[in-house]
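Q: I should like to learn how to read the features of a structure that is new to me. Where might we begin?

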Amino acid sequence: MIIKSKKEIPASEITDPLIFKERRNIIKAMLATMAAGAVGISPALADDNNSAWANLPKGDFSADLLTPTPAESVKNYTNYYEFALNKKDSAKLAQNLRTDPWSVEISGEVENPGNYYLEDILRQQTLQEHVYRFRCVEGWSMVVPWVGFSLGHLLKTVKPLSTARFVKFTSVYQPEIMPRQRNNAMLEWPYVEGLRIDEAMHPLAILAVGMYGDILPKQNGAPLRLVVPWKYGFKSIKAIVKIELLRKPPLTSWSQFAPSEYGFYSNVNPAVAHPRWSQRSERQLGSSFFTPRRKTELFNGYGEQVASLYSDMNLRHFF
Ligand code: MTE
């Protein structure tokens, strides 16, 4: 068994509610154990020590040469439209989000659909640190050391059927806490995103549960978010509660809201301008006023790894 669906788990084995409180500990213990393995010290020595986490095993394509953006910049400049349009307000209001208990429904074209406790998912996955560039469609970028696991590995555990061609992700719906869901502001809620199945299976695509060696802050998508570093940031959906494998492409929130501005693919591409602004360069979060803008790269610099996924597509038309 990789992970069990709720209905397959005998009542005696179902995660005790108290254990939900322990998610931080599960993640920290996994990180500490791995870090200890990586640097050859005992897990006991590594317990709450961020410096040990600096030696986490790296994901396949983590670029050691990238310098992470200061954590404070990443935590205080967030896009979370369920809470607010304003980046500072969204970071503040997101603290109200309820993330315990948390389960993820995985359904659709799979052999083993089910509702899985996040803790049970985590126990079956290998956490790694992935230092990725992240480019928002608004023209800013950052470098984040995410802590997460392979989306493809998770999908394989539920055995996708040959008919599964797309993956739909849905964010949590908590209108009592999320003012813009309550007021039906802007997007259709809950927030929905999607990938083609081969994109979802690509080793660069991860589900993150942490960043900077700690658990994910609420404003950055806790407890579980997608990170697809070669696509514009809005594809990296936060607070995921549902993953569905589908035969047809899902209608995603932003392409439903403004189809001429936000496509299904939304691969980073400096040659295709947003209808209202250029995508040729980006402001790097945390950099000084005098730092020149960075030149945006096709696929956000991950072309070597992902360009083959799109070899039969005209990248100017499939945006
Ligand atoms: N996911 C949800 N549920 N709601 C959102 O508003 N914003 C998206 C994406 N995921 C968003 C979301 C956008 S536009 C971006 S750029 C990134 O999250 C921002 O991630 P960050 O706030 O961690 O920098």
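A: We may begin with a polar contact, that is, a pair of N or O atoms within 3.5 Å; within protein, one must be able to donate a hydrogen and the other to accept it, and residues adjacent in sequence count only if both atoms are side-chain atoms. Here a backbone N or O atom of Y81 lies 2.7 Å from an oxygen atom of the ligand. The model is predicted: local features need pLDDT of at least 70, side-chain atom pairs count only at pLDDT 80 or more, and totals for chains, interfaces and linings use all residues. Residues are numbered from 1 along each chain as its sequence is written, and side-chain values use heavy atoms, with hydrogens and water left out.

Q: Which atom of the ligand lies 2.8 Å from a polar side-chain atom of E82?

A: For E82, the partner is a nitrogen atom of the ligand. The side chain of K238 also takes part, with an N or O atom 2.6 Å from an oxygen atom of the ligand.

Q: How much of the ligand's accessible area does the protein cover?

A: Accessible areas come from the Shrake-Rupley method with a 1.4 Å probe; for residues, only the protein chains shown count as cover. On its own the ligand has 530 Å² of such area, and the protein covers 99% of it.

Q: Which residues around the ligand come nearest?

A: A residue is counted as near a molecule or strand if one of its heavy atoms lies within 4 Å of it. There are 18 residues around the ligand, of which Y81, E82, S171, R225 and K238 come nearest.

Q: How many salt bridges does the structure hold?

A: A salt bridge is a side-chain nitrogen of Lys or Arg within 4 Å of a carboxyl oxygen of Asp or Glu. The structure holds twelve. One of them joins the side chains of K87 and E138, at 3.1 Å from N to O. K87 belongs to helix 5 (residues 87-93) and E138 to the loop between strand 3 (128-135) and strand 4 (140-150), so this pair ties together parts that are 51 residues apart in sequence. Helices (H or I, at least four residues) and strands (E, at least two) are DSSP runs, numbered from the N terminus.

Q: Where is P190 placed, and is the peptide bond before it, from W189, cis or trans?

A: P190 is in the loop between helix 8 (179-182) and strand 6 (192-196). The bond from W189 to P190 is cis, with omega near 0°. The peptide bond from A222 to P223 is also cis, and P223 lies in the loop between strand 8 (214-215) and strand 9 (225-227).
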